[in-house]
Amino acid sequence: MNNRKIMLVDDDENLRETVYALLTHHDYEVKTASDGQKALEILSDWFPDLIISDMMMPVMDGHAFHELVKENVLLSSIPFIFLTAKIEENQMRTYLNQGADDYIAKPFTTKELIKIIQSKIERFDKIKNINNNIYLGDKKHFTHEVNTPLHGILGSVDLLLNNKNLDQEDVYKFYEAIKISGTRLNKTMQNIMHYQNLKNDTVIFDTSASTQVLDTFLTVKTKIAEAYENQEKRIICEIDKANLKISEKCLQFILFELIDNALKFSPESEKIIVSGTIINDESYELIIKDFGIGISENELNKIGAAQQFNRDKKEQQGLGLGLFLSKIIIKKFKGVFSISSKEKEGTTIKITLPISV
């Protein structure tokens with residue numbers, strides 16, 4: 001059975017319905033959108049094997065849509081085919097030079113469409129098999145985030161082995177250093193595996209799960225205390241009790257990643273405020289606010305997999321996957337994620353999740 005996924009973007013409803021029926025008849029999984037902006041919303045947590053897009057569309061046309069797809073590290077390698085009713089050779093050559101894989105002139109035949117789809121997906125499969133990198137970001141950052149905690153572990157072990165006369169307090173400090181480095185390395189590798197599984201669409205989310213938010217937050221706060229000495233004292237919280245429609249594992253991941261980011265990107269003298277409020281019978285809002293270095297408006301628009309900010313100011317920031325993964329998980333559980341930030345003033349993240357009845 002064909003399990004390939006195709007994104008179809010076109011403002012012509014009749015064409016969308018016709019092509020959708022054709023492709024589903026050939027066992028493709030198809031999602032459609034009427035413009036580039038709606039398509040990007042779908043692509044934020046769904047990764048197809050092929051994108052087919054019209055050129056002329058309202059809101060966001062095919063050219064602008066293609067530009068944003070190619071800027072996204074998670075989507076950039078996906079084959080992209082333009083649909084066009086008007087062919088201007090110079091214009092199409094420009095788009096092909098900019099990374100589009102092909103184009104189909106309207107009107108087209110069923111045979112022509114299926115043939116080009118099969119050809120592009122087969123080529124995409126070969127590319128994935130040859131270059132299936134587990135992490136698509138900057139390789140020097142990957143090396144740094146693995147080697148730094150690894151050296152911390154090995155260096156502390158060497159000092160413990162080579163200094164037999166250390167007093168108990170010094171031994172304890174080395175144990176703490178090993179634990180902190182080990183936790184950091186484990187977090188890095190776990191996030192890479194989460195990212196890879198999401199990219200390969202192998203994650204199954206239990207959308208029937210229910211989790212008590214306050215208990216989960218207290219568990220996360222304990223984990224932060226174990227990973228970062230004295231950091232939990234900076235967290236000020238006021239959280240209403242409620243059962244949320246999300247798995248405990250996923251909520252723990254989201255809270256840890258977002259609170260961890262807030263701590264890392266704020267001065268140690270500043271507090272982090274975490275609040276949770278029941279909005280109504282159906283919705284619950286979590287807010288994580290820091291007073292750190294903030295993110296510029298331009299950077300906010302670029303949030304994605306392996307996207308990092310202010311690396312020169314905050315070297316120990318991980319691989320830039322936590323925020324991206326959290327956004328995807330929240331959307332999978334029918335939640336809403338929003339972020340606002342000002343440079344030198346701080347960042348506020350709001351999460352709305354459904355309440356379990």
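Which residue of E10 stands opposite Val274? The residue is Ile288, and the strands around this pair are a suitable place to begin. The model is predicted, so that local features need pLDDT of at least 70 and side-chain atom pairs count only at pLDDT 80 or more, while totals for chains, interfaces and linings use all residues. Residues are numbered from 1 along each chain as its sequence is written, and side-chain values use heavy atoms, with hydrogens and water left out.

Helices (H or I, at least four residues) and strands (E, at least two) are DSSP runs, numbered from the N terminus. Strand E9 covers residues 272-278 and is joined by 6 bridges to strand E10, residues 283-289, the two running antiparallel. Strands pair if DSSP finds at least two bridges between them. E9 and E10 form a hairpin, with 4 residues between them. E9 is also joined to strand E7, residues 235-239, by 5 bridges, and these two run parallel. Here Ile235 has Ile272 of E9 as its bridge partner.

The helices come next. Helix H8 (residues 213-227) and helix H9 (residues 248-264) have axes that come within 9 Å and cross at roughly 50°; the axes are lines fitted to C-alpha atoms over the stretch in contact, with angles running from 0 to 180 degrees between N-to-C directions. H8 is therefore oblique to H9, a term for angles outside the classes roughly parallel (under 35 degrees), roughly antiparallel (over 145) and roughly perpendicular (65 to 115). Their contact (heavy atoms within 4.5 Å) involves residues including Phe217 and Val220 of H8 and Leu255 and Phe256 of H9.
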